2 protein chains.
Amino acid sequence: MNSMNPARQAPVTTADKIFETMQREIVEGQILAGSKISEPELAKKYQVSRSTLREALNRLEKCHLIERKANVGSRVVECTVKGLLEIYIVREALEGMACRLAASAMQDAEIAELQQILAGHGQEKQLQDGVAYYQEEGDLDFHYRVIQGSNNQQLINILCGELYHLVRMYRCQFGMNSPRATRAFDEHKAILNAIADRDGELAEMLMRRHIAASRKNIERKLEQESN
Amino acid sequence: MNSMNPARQAPVTTADKIFETMQREIVEGQILAGSKISEPELAKKYQVSRSTLREALNRLEKCHLIERKANVGSRVVECTVKGLLEIYIVREALEGMACRLAASAMQDAEIAELQQILAGHGQEKQLQDGVAYYQEEGDLDFHYRVIQGSNNQQLINILCGELYHLVRMYRCQFGMNSPRATRAFDEHKAILNAIADRDGELAEMLMRRHIAASRKNIERKLEQESN
DNA sequence: TTTAGTCTAATTGTCGACAATCCTCTCATT
DNA sequence: AATGAGAGGATTGTCGACAATTAGACTAAA
């Protein structure tokens, strides 16, 4: 269900394939966060020329998974607490706005479809109570569809194209098996209700609170760990 | 005053220089919006190899000034009304949030400095009453500094790195000699007062209204023209 | 006249080699 | 011992050529 999530145009060129492979390996931590990227080494590993690899690196940089410095090279981004919280802030602002727009722009049919998906998540949740992984995938799925519903191409590009995989990376590497699953599910329902009521203002507020609550949950958890 | 605006790391490599040159030419319209980009042609024009040119194209794509399709090529983005309004929406969300953060994060000294800058703009405005150009530059300057003041690197990257020049492009090509100069100046003052009062909530609201007012102003103007 | 198909020319993607820059280790000097 | 200069090795940036794909023109058939 999630595999069709990204705004993916089927990888046609070989640089596309290398890009997707590396993207997955970075997100899942097989290429370590913060590690230096050696162009000759990776070119050999994937059996492509350095030009092709560099093309892939350029796209990884576009979705904020690596950082480049001239004449020095590329590094995988580090997963810091500060960075994670910064992303939540950006998401709060952008997804809140997306939600407001979606309340105006989404078709009735789209809303109905999303309601069905959400109901499906609810059943899965009941069945697999406590197992948060699917809920997490479902969470991304819900957010993804609301963003698409905004019908604002800039917004969609930034959230689904440039930030999406960075969010996934943090989820993977910080192992977020949210204890908020149940509450998050209810919040999703409330947000969708506001959208269905065409109440953009309320929808934005609920989405912002929803994301802010996740952020504060992380802050609290990390605070505890440091004690 | 504006030339030091972008988060520019001095261009060290030749691809950097080509990138900056093309960036300027696209923003100012010397390379026409919507036009197709011929790699061989431009490589000859700038006297560099295609590899170097493609490196520059990759960065232009990062700041949303061109779009690429696999096996087809690159085009300069088109300046459409829809696109312009979409950007205003994104800015409303992100700069509003930046403003909220700035109210907490900016140092007293930074705030004082910004107050002086704003006062300077006020004098210029009085002197050159009606001439909106400097005010427009000043507008970007003000927004830029507030964004920096948020101290959120993700936010700064998106707004100052990826969207900044696209905004400039629209300003250039739609010829926005704002009749809102006076009002915008007053709004800036109110925003800065809220920041100085450390009232993040108010600061966000004022910034959002400020940007939304600009957007509606554009909508109104374009609506009139179409009649 | 229109449409389908094919062929040619041009453009983009990929490759390997060379040039320029940076990092590190060594050695000399204070 | 600490600091600085310099050489060596490795990495990144740039180049020109080849391969793969696309766009456009031309022909032929319905």
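Let me start with DNA strand D, which in this predicted model is surrounded by 20 residues, and the closest of them are A:R50, A:R54, B:T13, B:T14 and B:T52. If we look at the atoms of DNA strand D that come within 4 Å of the protein, sugar and phosphate account for 68% of them.

Where do the residues around this strand come from, in terms of helices and strands? On chain A, β1 (36–37), α2 (39–46) and α3 each supply at least two residues of the surface near DNA strand D, and on chain B the elements that do so are α1 (14–28) and α3. By class, the residues of that surface divide into seven nonpolar, eight polar and five charged.

Some individual approaches to the phosphates are worth finding on the screen, and I will take them in order along chain B. A polar side-chain atom of B:T13 lies 2.2 Å from a phosphate oxygen of DNA strand D, while at B:A15 a polar atom of the backbone is 3.3 Å from a phosphate oxygen of that strand. Further along, B:T52 again uses its side chain, with a polar atom placed 2.5 Å from a phosphate oxygen of DNA strand D.

Now let us turn to the other strand, DNA strand C. Here too 20 residues surround the strand, and the closest are A:T13, A:T14, A:T52, B:R50 and B:R54. Of the atoms of DNA strand C within 4 Å of the protein, 69% belong to sugar or phosphate, and the rest belong to bases.

The elements that each give at least two residues to the surface near DNA strand C are α1 (14–28) and α3 (50–62) of chain A, together with β1 (36–37), α2 (39–46) and α3 of chain B. The residues of this surface comprise seven nonpolar, eight polar and five charged.

Which part of DNA strand C lies 2.8 Å from an N or O atom in the side chain of B:R50? In the model this is a base nitrogen, and a base nitrogen of DNA strand C is also found 3.2 Å from an N or O atom in the side chain of A:S51. At A:A15, by contrast, a polar backbone atom is 3.3 Å from a phosphate oxygen of DNA strand C.

Let me move on to how the two protein chains meet. The contact takes 32 residues from chain B and 32 residues from chain A, and the area buried between these chains is about 2,600 Å², with carbon and sulfur atoms giving 55% of that area.

How many salt bridges are there between chain B and chain A? The count is eight, and one example joins the side chains of A:K62 and B:E61, with 2.9 Å from N to O. There are also 16 residue pairs in polar contact between chain B and chain A, counting pairs with both residues at pLDDT 80 or more.

On the side of chain B that touches chain A, the elements giving two or more residues are α3 (50–62), α4 (81–105), α7 (153–173) and α9 (200–225). Of these, α4(B) gives the most, with 11 residues. That side of chain B has 13 nonpolar, seven polar and 12 charged residues.

Over all chains, the structure holds 34 salt bridges. One that stays inside chain A pairs A:K45 with A:E25, whose closest N and O atoms are 3.3 Å apart. This pair links distant parts of the chain, with A:K45 in helix α2 and A:E25 in helix α1, 20 residues apart.

I will finish with a word about confidence. The mean pLDDT of chain A is 88, and 86% of its residues reach 70 or more. Residues 1–7 of chain A, however, stay under 50, and for this stretch the model has 15 contacts beyond four places in sequence.

Notes: Residues are numbered from 1 along each chain as its sequence is written. Chains are lettered from A and ligands numbered from 1 in the order in which they are written. Side-chain values use heavy atoms; hydrogens and water are left out. Contact means heavy atoms within 4.5 Å. Buried area is the accessible area (1.4 Å probe) that two parts lose on being put together, summed over both. A salt bridge is a side-chain nitrogen of Lys or Arg within 4 Å of a carboxyl oxygen of Asp or Glu. A polar contact is a pair of N or O atoms within 3.5 Å; within protein, one must be able to donate a hydrogen and the other to accept it, and residues adjacent in sequence count only if both atoms are side-chain atoms. Helices (H or I, at least four residues) and strands (E, at least two) are DSSP runs, numbered from the N terminus. Ala, Val, Leu, Ile, Met, Phe, Trp, Tyr, Cys and Pro count as nonpolar, Asp, Glu, Lys and Arg as charged, and the others, Gly among them, as polar. A residue is near a molecule or strand if one of its heavy atoms lies within 4 Å of it. pLDDT is the predictor's confidence in each residue, from 0 to 100.
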